[in-house]
Amino acid sequence: MPDVFDEMLRRCRAGEPIALATVVATWRSAPQPPGATMLVTADGTVTGSVSGGCVEADLYERARHVLDTGAPELTRYGVSDDDAYAVGLTCGGVLDVFVERIDAGDLAELDAVDAARRAGQPAAVVTCVAADASDPPGAVPA
C-alpha cells in the first residue's frame, strides 16, 4: 500500500487536489494515535486509515465535501469502550480528526518535507487547529 505522504506528493505534483484527514487528538482507547492520516483524492481513491475502519465511511464523505468547498473541518468521533465491544468493535475511545484540502499551492512545503525526509532530517508542516484542549471530552458526543 502506498505511503500517504508519497501519494499526497505524487498527486499534488500531478496537479490533483486531495483531502487529508489527520487524527489531531485522542482520549481513552482510540484505535490510532494522533498523526494517523487518510488521504482521499478527487477520483475517490483512499490511502491510509485513521481508525481501522470505524469512522472511515463518514470521513470519506467529509473529505469529499472538503475537496469541493476547500473549507477544512474538525470532527470528533466517539463511542464508549463497552458499546464498542458490544457491537464487535475492537475498541472505543474518542478521536478528533482534522480534514483539509491540499493542492498544488502547497507543493513548495511538500517538496521541502520530501527533501528533508530523503536526507534523513526531521521536518514538519504545521497547521494550527483551534480547539479547547482544556476541555477533553467527558461524555461521548451525540
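This report describes helix H1 of a predicted model, its packing against helix H4, and the surroundings of Arg 11 and Thr 69.

**Helix H1 and its enclosure**

Helix H1 spans residues 4–13. Seven of its 10 residues are buried, so the helix is largely enclosed by the rest of the structure. The buried positions are Val 4, Phe 5, Glu 7, Met 8, Leu 9, Arg 11 and Cys 12. The cover over these residues includes strands E1 (18–27), E2 (37–41), E3 (46–48) and E5 (93–102), together with H4.

Both ends of H1 carry a local feature. At its start, a side-chain oxygen of Asp 3 comes to within 3.0 Å of the backbone nitrogen of Phe 5. Just after the helix, Gly 15 adopts a positive phi of about 85 degrees.

**Packing of H1 against H4**

Helix H4 comprises residues 107–118, and its axis comes within 10 Å of that of H1, with a crossing angle of roughly 140 degrees. The two helices are therefore oblique to one another, and H1 passes H4 in a left-handed crossing. On the H1 side, the contact is formed by Phe 5, Asp 6, Met 8, Leu 9, Cys 12 and Arg 13; from H4, Leu 107, Leu 110, Asp 111, Val 113, Asp 114 and Arg 117 take part. By class, the residues of this contact comprise seven nonpolar and five charged, with no polar ones.

**Arg 11 and Thr 69**

Arg 11 belongs to H1. Its relative accessibility is 6%, and because buried means under 20%, Arg 11 falls in that class. Its side chain makes a polar contact with the side chain of Glu 16 at 2.7 Å. Apart from neighbours within four places in sequence, the residues in contact with Arg 11 are Glu 16, Ile 18, Thr 41, Asp 43 and Thr 45.

Thr 69 is located in helix H2, which covers residues 56–69. With a relative accessibility of 44%, Thr 69 is classed as partly exposed. A polar atom of the Thr 69 side chain lies 3.1 Å from the backbone nitrogen of Ala 71. Thr 69 and Arg 101 are separated by 32 residues in sequence, while their C-alpha atoms lie 8.8 Å apart in space.

The polar atom pairs described above are collected in the following table.

| First group | Second group | Distance |
|---|---|---|
| Asp 3, side-chain oxygen | Phe 5, backbone nitrogen | within 3.0 Å |
| Arg 11, side chain | Glu 16, side chain | 2.7 Å |
| Thr 69, side-chain polar atom | Ala 71, backbone nitrogen | 3.1 Å |

Methods
Residues are numbered from 1 along each chain as its sequence is written. This is a predicted model: local features need pLDDT of at least 70, side-chain atom pairs count only at pLDDT 80 or more; totals for chains, interfaces and linings use all residues. Side-chain values use heavy atoms; hydrogens and water are left out. Axes are lines fitted to C-alpha atoms, for helices over the stretch in contact, and angles run from 0 to 180 degrees between N-to-C directions. Helices (H or I, at least four residues) and strands (E, at least two) are DSSP runs, numbered from the N terminus. Angles under 35 degrees count as roughly parallel, over 145 as roughly antiparallel, 65 to 115 as roughly perpendicular and the rest as oblique. A crossing is left-handed if the near helix is turned anticlockwise from the far one by less than a right angle, and right-handed if clockwise. Contact means heavy atoms within 4.5 Å. Ala, Val, Leu, Ile, Met, Phe, Trp, Tyr, Cys and Pro count as nonpolar, Asp, Glu, Lys and Arg as charged, and the others, Gly among them, as polar. Buried means under 20% relative accessible area, exposed over 50%, partly exposed in between (1.4 Å probe, protein chains only). A polar contact is a pair of N or O atoms within 3.5 Å; within protein, one must be able to donate a hydrogen and the other to accept it, and residues adjacent in sequence count only if both atoms are side-chain atoms.
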